[in-house]
Amino acid sequence: MKLHKSFQKYSDKFISSFATRAESESYIQFTKEVTATLRGGESVFSYCQFEDTVSVVSLGRGNNSFKNCVFKGNVHLAQMGNSVHFLNCYLEGEVIFESKNSTGLISFNECELSTLVSRISNGSFQISSSTVKSILHENCSIRRLELVKTKVLSDITGSTIEKLIINTESNINAITSKSFDSVSINSSQLKLVELSQAKSATFSSVHAKSITFKSTERIVLANSEIDSVSFNECNFNNFFVNECNCGEFVINNLRYAGSSTEFFKINHLLVSGSFEINDSTLGNAVFEFLLVRSANVVFRNSDYADWEFNKVDWPTGYEIDLGYTGMLSENLVHRDFYRELKRKCIANENTIDAAYFKSKEMIFHTRYIGELSKEYKRIHGRIKYLKNDLFSEWFILWTNKVFSGFGGNVWRPLLLGLIFHLLFFNLFLLDFSHFGIKAFYQGGFGVEMASSIKGVVKYLEMFNPLHSFDDKVKLGIGALFMDIVMRVSSGYFIFYILRASRKFAK
């Protein structure tokens, strides 16, 4: 039988053995099924090749280990009274743990494994600097599974894992299990993670395609990049997210089950896709330095009245979908939602977010007044509507929106103010010749530099609502009327300019 490629330079040292039992051997090629017994002390198999199934029996304490060994068939960890360590080994068949009375640790360091199978409860495994095809736990409870600098090509799956620890540059394809007691994953790459019934889950410096939490009590995500993360049907005690970048961030049916005053907090989270919270009770949730890049923001059937938003960067043109289907107007519900968020921000002296929420509040209030106006007009007719306070309120809100974006845009009132003033100034010049200049459309296409400069100076002077004329100047009716219009117009737009420039002031 051919030796493994790693043994080629030691081929002259190897001998073949037909033994079915062995203890502490070196440079042996076992050709038959064998029982390998480790009795403690320096009980070591080194540079051995096992062609058939190996049953491992660990009896004594000490350095019970396999070093630089090749296993062609399955490895049965049958009687594990103490720890067994595999160092720099190739395990081409299944490694099957079925010891009923295991108290030790099964560790693999710098190994290549096909499949690790556990069938009996109370197992404890450590895999470091190794490659594993898959890890399978069949209807059993694993006490501890720790992976360090390990690549799992397929899945980690099974019934119950009490403590799962993945550290330092590990690469995992998928993790699925019916129940976890504790999960800790650090500095690793993951493709698919599905956690169900976990008491505690901590992810730090993780890169993952998809992570799904279900019925998890304590959740911590930190310094991680995740394409899609979802939290489903969890009665949680603590929920913390810090310094994470996510594609989609979805919360479904979360319920707070603890007593801490600060149990739900998202800090420094960037979401480039959907940001959704559905059917959840989060209590006094805190969102700080939240950056949402997609306009798909959903807060459906949740207790958002108690949430606190600080320093949130909302996407351009966003509207939060509250999923409201009741009797009240949807615009009214959205208006009250943003009003409550604004009120909480003002109470916390958060003037930045308060300004954004106020703008959204006014947008939905305008829509709500528009709904009422349309209904009033339908019932009472256009004439009565124009005489009603609803029309004046809607008109004020509409002009506020168009001319200044509800006080949020400083350039719009400046630009529109100058345009309207240019129109009114030219109409003023039709009935006023004292300046010695003509209206723009009276002068033809010729340009006189001196007159043009004088016209610009007078145009800017009269943008001041408090501008004055020489006592000898008499205004005609037309000029007097346009002068009043210019004073009102410029004052109106200057008010919006000042208002927008101070929107973040207390």
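User: What makes the pairing of E340 with R343 a salt bridge?

Analyst: The closest N and O atoms of E340 and R343 are 2.3 Å apart. A salt bridge is a side-chain nitrogen of Lys or Arg within 4 Å of a carboxyl oxygen of Asp or Glu, so E340 and R343 satisfy the criterion. This is a predicted model, in which local features need pLDDT of at least 70, side-chain atom pairs count only at pLDDT 80 or more, and totals for chains, interfaces and linings use all residues. Residues are numbered from 1 along each chain as its sequence is written, and side-chain values use heavy atoms, with hydrogens and water left out.

User: Why are E340 and R343 said to be separated by about one helical turn?

Analyst: Both belong to helix α1 (residues 330-347), where they are three residues apart, hence the description. Helices (H or I, at least four residues) and strands (E, at least two) are DSSP runs, numbered from the N terminus.

User: Why do E340 and R343 count as partly exposed?

Analyst: The relative accessibility of E340 is 23%, and that of R343 is 46%. Buried means under 20% relative accessible area, exposed over 50%, and partly exposed in between (1.4 Å probe, protein chains only); both residues therefore fall in the middle class. Salt bridges that share partners also join R335, D336, R339, K342 and E361 into one network.

User: How many salt bridges does the rule give, and what makes E288 and K265 one of these pairs?

Analyst: The rule gives 12 salt bridges. For E288 and K265, the N to O distance is 3.8 Å, which satisfies the criterion. This pair links distant parts of the chain, with E288 in strand β26 (residues 286-292) and K265 in strand β24 (residues 264-271), 23 residues apart. K265 is partly exposed at 21%.

User: How do you know that R293 and D313 link distant parts of the chain?

Analyst: R293 and D313 form a salt bridge whose closest N and O atoms are 3.2 Å apart. R293 lies in the loop between β26 and β27 (296-300), and D313 in the loop between β28 (308-310) and β29 (319-321), so that 20 residues separate them. R293, at 46%, is partly exposed, and D313, at 35%, is partly exposed as well.

User: Why are α4 and α7 called roughly perpendicular?

Analyst: The axes of helix α4 (residues 389-404) and helix α7 (residues 477-501) come within 11 Å and cross at roughly 70°. Angles of 65 to 115 degrees count as roughly perpendicular, so the label applies to α4 and α7. Their crossing is right-handed. The contact (heavy atoms within 4.5 Å) is made by T399, N400, F403 and S404 of α4 and Y492, F493, Y496 and R499 of α7.

User: What makes α4 roughly perpendicular to α5?

Analyst: The axes of α4 and helix α5 (residues 411-429) cross at roughly 95° and come within 7 Å; α4 is therefore roughly perpendicular to α5. K401, V402, F403 and S404 of α4 meet R412, P413, L416 and F420 of α5.

User: Why does K191 count as partly exposed?

Analyst: K191 has 48% relative accessibility, and therefore counts as partly exposed. K191 lies in strand β18 (residues 188-196). Not counting residues up to four places away in sequence, K191 touches I172, N173, K209 and S210.

How values were computed. Axes fitted to C-alpha atoms, helices over the stretch in contact; angles between N-to-C directions. Parallel < 35°, antiparallel > 145°, perpendicular 65-115°, else oblique. Left-handed = near helix turned anticlockwise from the far one by under 90°.
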